[in-house]
Amino acid sequence: MLSEATFRRIIARERKRSERSQRPFVLLLIDTGRDQLGNNQGRLLVDLLSAIEGATRETDVTGWYTTNAVVGVMFTEIVLDNNAVLSTILSRIGAVVRDRLDTDQFSRVKFSFHVFPDDWNSEDPGRPSNPTLYPDLEKRQTSNRLGLATKRLTDVLGSLLLLGILSPVFLIIAVAIKLTSHGPILFRQKRVGEHGIPFTFLKFRSMYMNNDSHEHREYVRQLIAGQAQRKSTDGKAEGVFKLTNDPRITSVGKILRRTSLDELPQLINVLRGEMSLVGPRPPLPYEVEVYATWHRRRLLEAKPGITGLWQVHGRSRVEFDDMVRLDLRYARNCSPLLDLKILLQTPKAVMGGDGAC
C-alpha cells in the first residue's frame, strides 16, 4: 500500500500523462466508513486490502487516498468505450470483497468510480470538474491559505480603490456609448470561471446589438487547434491572433478595445470574488468546448483575472498554447510580489497597445 502522499502524487502524474496521451485512467475509491466502525476498523482494513490484492492486476496502483479510511485503486492502460468496462471492474472487485468480508462489514463499504479525462459541461451551473481527480490542487490551496487570503484582500482593496479613482472615466465612457449607439452601456456575457464554474462577465459594450458570433466561434476553434492565421492591424506589423477590422465593433468600441478601457467594469467581478486583479483570462463556454484536456488546467489552477502574464508578455501576439503555458506558469509561481510586478507592467502594455485591436 502506497502512502497517501505518494498515491496522490501518482494520481497527479498520471493525470498529466493522460492529458497529453488522451489515454484514460480510472480511479476506484473504496470508502470503509471509518466513522461508523469504531474498533472494527483495523480488521476491516486488513480483510479489504487482502481482497483488493487478489482482484487487481500487477500494473494497477493501490494506495491510501485518505489514510486508514479510503483506499484507492488506479487502473491504467484500459479502453473505455462504454460503461461495460467499469461494470466488469466493479463486479470483479466487489465479488472478491464480498467473499472476504462479513455482511455487516460489506454493508459499510462504499465504491465510487472517477474517470479521467472527465467530461465537462460548461452549461452546468455547478462545478463541472471532478475535484477528486485533482488532489494536488487541493493540497496546494490548503497549504497556501495565507497567500490566497492576502490575494483576496488585495483584490477587494484594489478594486474599491480603482472604482473610486476611475469613476469619472466610467461616466465619460457611459455617455460616449449612449450617444453613439443603441443599447445598454454594460455588456453582460457568460464566461467560465475558476474550476469551470460559470459567471456573468462585465464589459463596456463595444459592439452593435444583435450581432452574429459565428465568425468569432470559428476563429477561436482555429486558434485553439493551432490553425489560425495572424491578422494584421496596420498592414505592416507581424499581426495578432485575433479578429481585426471586425464590423460588429462600434466607433467608440474601437477606442475602448485599443486602450482596454472596455475591461474596467470587471473590477465589479473582482469585488464579487468571481475574478482577481491578476490571473488567466476567463474563456467563453464555446472556447472551453474545444479545449484540449491540458488546456483546462488554466481554469483549475488559478482564479481568472483582469490582467496576467499573457497580457504583459505578448498578449494576442502569442499562440494559444503559449498563452496557456504562461497562465500555468503564473499559477505555479503566484505570489503577492509577482502580482505587483504584473500590475505595474500592465499600464505600459495597455498604452503600447501590444496585441490589442
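**Salt bridges, sheets and a surface patch in a predicted model**

A search of the whole structure, which is a predicted model, finds 15 salt bridges. One of them joins the side chains of Arg15 and Asp136, with an N to O distance of 2.9 Å. Because Arg15 belongs to helix H1 (residues 4-21) and Asp136 to helix H6 (residues 135-143), this pair ties together parts that are 121 residues apart in sequence. The two partners sit in unlike surroundings by their accessibility: Arg15 counts as buried at 1% relative accessibility, whereas Asp136, with a relative accessible area of 22%, is partly exposed.

A second salt bridge links the side chains of Arg297 and Glu301 at 3.1 Å, N to O, and both of these residues are buried. Asp322 and Arg325 form another, their closest N and O atoms being 3.0 Å apart. Since Asp322 and Arg325 are 3 residues apart in helix H15 (residues 320-333), about one helical turn separates them. Asp322 is partly exposed, with a relative accessible area of 34%, and Arg325 also counts as partly exposed, at 40% relative accessibility. Elsewhere, salt bridges that share partners join Glu19, Arg140, Arg297 and Glu301 into one network, so the buried pair Arg297 and Glu301 belongs to that network.

The chain that carries these interactions has 357 residues, of which 46% count as buried, and its secondary structure comprises 16 helices and 8 strands. Among contacts with a separation of 6 or more, 71% are between residues 24 or more positions apart. The protein chain exposes about 18,400 Å², and carbon and sulfur atoms supply 54% of that area.

Turning to the strands, an open sheet of 4 strands has the order E2-E3-E1-E4, with antiparallel pairing. Strand E2 (61-66) and strand E4 (110-116) stand at the edges with a single partner strand each, so one side of each is left without a neighbour in the sheet. From one strand to the next, the twist averages 25°. Strand E1 (residues 25-31) pairs with E4 over 7 bridges in the antiparallel sense, and within this pairing Phe25 has Phe116 in E4 as its bridge partner. Helix H4 (residues 84-100) lies across E1, strand E3 (70-75) and E4, and runs at about 150° to E4.

In the loop between helix H3 (41-55) and E2 one finds Asp60, which is buried, with a relative accessible area of 9%. Leaving aside residues up to four places away in sequence, Asp60 touches Val73, Met74, Phe75 and Thr76.

Another antiparallel pairing is formed by strand E5 (residues 186-192) and E6, again described by 7 bridges. Here Lys190 stands opposite Thr200 in E6, and the bridge partner of Gln189 in E6 is Phe201. The hairpin of E5 and E6 has 5 residues between the strands, and His195 in this hairpin takes a positive phi near 65°. Strand E6 (residues 198-204) is mostly covered, with 6 of its 7 residues buried.

The surface offers a last point of interest in helix H8 (residues 167-180), where Leu171 has its place. At 58% relative accessibility, Leu171 counts as exposed, because the cut-off for that class is over 50%. Together with Val175 and Leu179, Leu171 makes a nonpolar surface patch of about 330 Å².

Terms used
Residues are numbered from 1 along each chain as its sequence is written. This is a predicted model: local features need pLDDT of at least 70, side-chain atom pairs count only at pLDDT 80 or more; totals for chains, interfaces and linings use all residues. Side-chain values use heavy atoms; hydrogens and water are left out. Two strands pair if DSSP finds at least two bridges between them. Helices (H or I, at least four residues) and strands (E, at least two) are DSSP runs, numbered from the N terminus. Axes are lines fitted to C-alpha atoms, for helices over the stretch in contact, and angles run from 0 to 180 degrees between N-to-C directions. Contact means heavy atoms within 4.5 Å. Buried means under 20% relative accessible area, exposed over 50%, partly exposed in between (1.4 Å probe, protein chains only). Patches are made of residues with over 30% relative accessible area and no salt bridge: like charges are joined within 9 Å, nonpolar side chains (Val, Leu, Ile, Met, Phe, Trp, Tyr) within 5 Å. Accessible areas come from the Shrake-Rupley method with a 1.4 Å probe; for residues, only the protein chains shown count as cover. A salt bridge is a side-chain nitrogen of Lys or Arg within 4 Å of a carboxyl oxygen of Asp or Glu.
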